[in-house]
Amino acid sequence: MKRNFGITYHEKFRQYDLGPGHPFRGDRFENVKRFFEEKGIFQHPNVHVLRPEPATKEDLLMVHDESYINHIFELAEKSMPYDIETPTSPTILEAALLIVGGSILCARMVCENKMARAISLGGGLHHAGRNYGGGFCLFNDVAIAVEYARRKCGIKRVLIIDYDVHFGNGTSDIYYEDPNVLFISIHQDPRTIYPGTGFIEQVGRKAGEGFNVNVPLPPGTGDETYLHVVREVFVPLAEEFKPDIIFGNGGSDPHFADSLGNLNLSMRGFFELSRLIVGVSERVCDGKLVLMTGSGYNPSVLPGCWYALAAGVIGLEDLDVEEPYPPPAESPWSRNKAMEMLQNLKRVLSKYWKCFR
Ligand SMILES: [Zn+2]
């Protein structure tokens, strides 16, 4: 069977530009497109560029409260900011709806077996909850795509692996009481970064207790420790939970040269991470995987990192990118702290998961 892979792109994605001086600039999309073209990804015989439609209000209502949606539409009409770091405008809203539409389209293509795997460029707006936004996010496309898969495609169990450098607080809140969505967030220690939550003790509530897994890593964690922790946590959980589909989200902000985070992944680390997620998806859910890559705040490494993630998804054998800066060595302090966290996390999770007993 020919393996087809989808990647969303729309020239209006660039309107998701939060202004001069803001770390989230719209030119990332054109830069990535150019880089993907140079690398031959968009011309790859198995890759289809998917052109999304904007998400509708009905789509948003699968996750968000109507009053919140109306509030965002009203703010956008007047070009008023939602908060100090999350501006809105008619053009930003239009782009946000296209990005959400892209994540829905990826979920649909994969669930209907039209694509083996898909990538939603610009997706992963994980700081938005049911009735709040923030952290550059207005609508949570991750949860909207998950709900689309569950309500329209007959998907029952979903695993979300959030490898953005920041805790996915919005996604976590939305599924905090839901035992059919296993949310695993690997992020920088919340005592040192936005949004300041995402501790290992936050395990979920009521029926969802045990289904929210936070993996906080100390600043300075590099490829080796990062991937070790992912193998120790994500892999056994995925095998025990047995999802019907895996959603992954995160762009380049865990890269060592990113300006907003202090994790030290290299481009090769992103590639290995992507391949690891693909491998697990092939073992546990027939390869069904949607990756959402949106974040990243150093324009000189963003295209290479997104490319590394995409290269893993479309199954390239090797990665042909060069780091613009030499990767730093991992400090023993970071390694030790991460190992300590891992032991504590396994102890906390052993109450809910056989694989940690
Ligand atoms: Zn982030």
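## Pockets

In this predicted model, the largest pocket has a volume of about 310 Å³. Fifteen is a long list, so start at the middle: of the 15 residues that line this pocket, D189, R191, P216, K337 and M341 are the closest to its centre. Which elements each supply at least two residues of this lining? They are strand β6 (212-217) and helix α10 (332-349). Helix α10 gives the most, with 5 residues. By class, the lining has 8 nonpolar, 2 polar and 5 charged residues.

The second largest pocket holds about 190 Å³ of space. Its lining has 19 residues, and the closest to the centre are H127, G135, F136, H166 and Y297. Here the classes divide into 8 nonpolar, 8 polar and 3 charged.

## The nonpolar core

How many residues make up the largest nonpolar core? It has 124. The members that touch the most other members are Y16, F36, L121, F139, F234, I246 and F247. Helix α4 (residues 90-111) contributes the largest share of this core, with 13 residues.

Take F139 from that group. Leave aside its neighbours within four places in sequence. F139 is then in contact with L60, H64, Y68, I69, I72, F73, L93, L97, V100, L125, A128 and I144. Two of the other well-connected members, I246 and F247, bring us to a strand.

## Strands side by side

Strand β7 spans residues 245-249, and 5 of its 5 residues are buried. In a regular strand, side chains alternate between the two faces of the sheet. In β7, I245, F247 and N249 lie on one side, with I246 and G248 on the other. Both faces are covered.

Strand β4 (residues 158-162) tells a similar story. It is mostly covered, with 5 of its 5 residues buried. V158, I160 and D162 point one way, and L159 and I161 point the other way.

Which strands pair with which? The table lists three pairings, each with one pair of bridge partners.

| Strands | Direction | Bridges | Example partners |
|---|---|---|---|
| β4 (158-162) and β7 | parallel | 5 bridges | L159 and I246 |
| β7 and β8 (289-293) | parallel | 4 bridges | F247 and V290 |
| β4 and β5 (181-188) | parallel | 5 bridges | D162 and S185 |

Follow the rows and you can trace a path. Strand β5 pairs with β4. Strand β4 is joined to β7. Strand β7 pairs in turn with β8. I246, one of the core residues with the most contacts to other members, is the bridge partner of L159. F247, another of that group, is partnered by V290 in β8.

## Three buried residues

Now look at three single positions, beginning with T171. This residue is found in helix α6 (residues 169-174). Is T171 buried or exposed? It counts as buried because its relative accessibility is 0%. T171 touches H126, A128, N140, V142, I160 and F183, not counting residues up to four places away in sequence. One of these, I160, belongs to β4. Another, A128, also touches F139. T171 and A128 are 43 residues apart in sequence, yet their C-alpha atoms are 7.2 Å apart in space.

Next comes T86. It lies in the loop between α3 (66-77) and α4. T86 is buried because its relative accessibility is 1%, and the cut-off for buried is under 20%. Its contacts, leaving aside neighbours within four places in sequence, are P81, G134, G135, F136, C137 and L138. G135 and F136 are also among the residues closest to the centre of the second largest pocket. The C-alpha atoms of T86 and I69 are separated by 15 Å, and these residues are 17 apart along the chain.

Last is G220. Where is G220 placed? It sits in the loop between β6 and α7 (223-241). With a relative accessible area of 15%, G220 falls under the 20% limit and is therefore buried. Not counting residues up to four places away in sequence, G220 touches N262, L263, N264, E330 and S334. G220 and G261 are 41 residues apart along the chain, and 9.6 Å separates their C-alpha atoms.

Note on methods: Residues are numbered from 1 along each chain as its sequence is written. This is a predicted model: local features need pLDDT of at least 70, side-chain atom pairs count only at pLDDT 80 or more; totals for chains, interfaces and linings use all residues. Side-chain values use heavy atoms; hydrogens and water are left out. On a 1 Å grid over the protein atoms alone, a cavity is a set of points where a 1.4 Å probe fits but cannot get out, and a pocket is an open set with protein on both sides within 12 Å along at least five of seven lines; lining residues have an atom within 4 Å of a point. Grid points are joined across faces, edges and corners, and a volume is the space filled by probe spheres set on the points. Ala, Val, Leu, Ile, Met, Phe, Trp, Tyr, Cys and Pro count as nonpolar, Asp, Glu, Lys and Arg as charged, and the others, Gly among them, as polar. A nonpolar core is a set of buried Ala, Val, Leu, Ile, Met, Phe, Trp, Tyr and Cys residues joined through side-chain atoms within 4.5 Å. Buried means under 20% relative accessible area, exposed over 50%, partly exposed in between (1.4 Å probe, protein chains only). Contact means heavy atoms within 4.5 Å. Two strands pair if DSSP finds at least two bridges between them.
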